[in-house]
Amino acid sequence: MLMAIGPYLPLLANGNWPMPSIEYFTAFLAYGGSNLVLAAAAAAICAYIAPAAAGSGIPEVKAYLNGVDAYSILAPSTLFVKIFGSILGVSAGFVLGKEGPMVHTGACIANLLGQGGSRKYHLTCNWLRYFKNDRDRRDLITCGCAAGVAAAFRAPVGGVLFALEEAASWWRSALLWRAFFTTAVVAVVLRTLIEFCRSGKCGLFGQGGLIMFDLSSTVATYSSPDLLAIILLGIIGGIFGGLFNFLLDKILRIYSIINERGAPSKILLTIIVSVITSMCSYGLPWLASCTQCPEDAVEQCPTVGRSGNYKNFQCPPGYYNGMASLFFNTNDDAIRNLFSTGTATEYHMSSLFIFFVAIYCLGLVTYGIAVPSGLFIPVILAGATYGRIVGTLLGSISSLDPGLFALLGAASFLGGTMRMTVSVCVILLELTNDLQMLPLVMLVLLISKTIADSFNKGVYDQIVVMKGLPYMEAHAEPYMRHLVAGDVVTGPLITFSGVEKVGDIVTALRITGHNGFPVVDEPPLTEVPELVGLVIRSHLLVLLKGKMFMKEPVKMSGSFVMERFGAFDFAKAGSGKGLKIEDLHFTDEEMQMYVDLHAIANTSPYTVVETMSLAKAALLFRELGLRHLLVVPKTPYRPPIVGILTRHDFVAEHIHDLFPSLNPHN
């Protein structure tokens, strides 16, 4: 309450406003109470139903497309909480955006389609089973990410480029046109719904068309002093972006300790942040003085009961509160106000400065609570604010409008935090419909990214590392050049014979969490030990469930085995639908029987010789999207396989544990 009481003294000295009364405190209780209820509801469904729905979801989707299958990240329950939690979180007045969650939502929908629906929720379709393989499902989820960006920003081309630049680890020409087709459909559907909502039946959805912040009417002319100002803006964006990522990493680590205590702690943390946000958004506008409405205002001034440029707040008739016009607005309208041109005197410098500090800090403390939240909107708001500040300060030497500086400020902060260039550039151009600003946006993005890269990684890359997801970069680390594949292979190695005893397979599946097992034929099946291939856990479970066992270790024909199974029996299961070894039960007699593994083994697995450079092996592993890479001996008269390289073997922590001298921190 101190936030709302402290500003009274300077406001009374203004002389324009009436004495604060109990009505203002009642209004704050109603406003803060509504926000608190919505925030608690969002946190409750997130904490108890789908904890994986917290945050933007972009780092997790990025890791999934890199080959990391995080638990429940794309489950139907996560999709449900992501949609409704995002609605509640935005409605609760948090400084967050819906754009990141919409990317995650698109990926969840694509995953639901890619796994043939959900048996648990009785949402299945037979034709969708054709997507039940890793490559098609990964491509479908990539298209879902592109669709999420296209729907959030109404930027179809930007959505394709976002999926290419930030989300996908593997890109094919076929995937390019599929993603482009997906975003084109999104644009058409959005346009249809907007036209339907023009009558006002859909609230604020139908306002603005596909161009959200149209700046095309502004003629952007710039000279050498303008370029110097833009370079300065890029440097500021890089510094602020690097600082933002540094502080966010520290805050998220503190939040992770709190969130580990359980759902009640998550809800309590969300409530605390909600109260702080309500106090700031309600109390800070009292610090701003009233401004007389411009005589040439295009829209009603002050605006009452709806979104708009001029919020009356507590000002007398004919006046508006500039800071309240930013706080008490939808995110879209707040950004539109900052981007507006020809309004150089609409906001006081003090109001812009206070708003920037508030959004910067609230964006830091809000991301990481148990609510679906995105970083795009806080970053754009903060960047547009300090961009407008710079534009106003340099108005005497620059011919650019402060609204265009706000656009460039948003671009600089996006480049400094996200470290994306091409996709952000196109998204901003599609948002504003101002192609004349293309060279300046490109310049400010490159400068801010270059400056910020000297401090730390991009925000999503930092979150991936903080969550412990074994993400593989497109390049090998320098220390890998000093190692070979055989150096990081750790044991013990568990192999199966081509015709293996059921009990041995069951024991291996129960005592290990391995997903891949080499199959080696030994005498009397072959003259010398011979590597047959690789069999994965899910296929072993399907084969064991069929109980095609033999009393003698005899090799069977593959056609005989496949008569009992169809190709879709071995398709990748969806979230939570896979068989588990605990679900299978065998008699003592069955445990002594044999099963032929030749029919289900991958007889052409990728292999590397044990003396191959670890750097080359890492690049091969990532570029081919592998889960297992077999290491074979270089010299004869040895067992046919040395070990298996998995994603874990390329993680820096694992290598540094094996070779502490390679750790740069030692």
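A contact here means that heavy atoms lie within 4.5 Å. In this predicted model, residues 24 or more positions apart account for 74% of the protein's contacts with a separation of 6 or more.

The protein contains 26 helices and 12 strands. Of its 666 residues, 53% are buried. Its accessible surface comes to about 29600 Å², and carbon and sulfur atoms hold 63% of that area.

**Aromatic pairs**

A search of the whole structure yields 24 aromatic pairs. Two of them are set out below.

| Pair | Geometry | Centre to centre | Angle between planes |
|---|---|---|---|
| F327 and F355 | edge-to-face | 5.0 Å | 75° |
| F356 and Y360 | tilted | 5.6 Å | 55° |

The pair of F327 and F355 joins distant parts of the chain: F327 belongs to helix α12 (residues 322-327) and F355 to helix α14 (residues 349-366), with their positions 28 residues apart in numbering. Both F327 and F355 are buried.

The pair of F356 and Y360, by contrast, lies within one helix: both residues are in α14, 4 residues apart, which is about one turn of the helix. F356 counts as buried because its relative accessibility is 8%, below the 20% cut-off. Y360 is likewise buried, with a relative accessible area of 8%.

**An aromatic cluster**

Which residues do ring pairs link into a cluster? The members are Y24, F28, Y31, Y282, W286, F313 and F328.

Definitions and conventions: Residues numbered from 1 in each chain as written. Predicted model: local features only at pLDDT ≥ 70, side-chain atom pairs only at ≥ 80, totals over all residues. Heavy atoms only, no water. Phe/Tyr/Trp six-rings, centres within 6.5 Å; stacked < 30°, edge-to-face > 60°. Helix = DSSP H or I, 4+ residues; strand = E, 2+ residues; numbered from the N terminus. Buried < 20%, exposed > 50% of the residue type's maximum accessible area, 1.4 Å probe, protein only. Areas by Shrake-Rupley, 256 points an atom, 1.4 Å probe, with all protein chains shown as cover.
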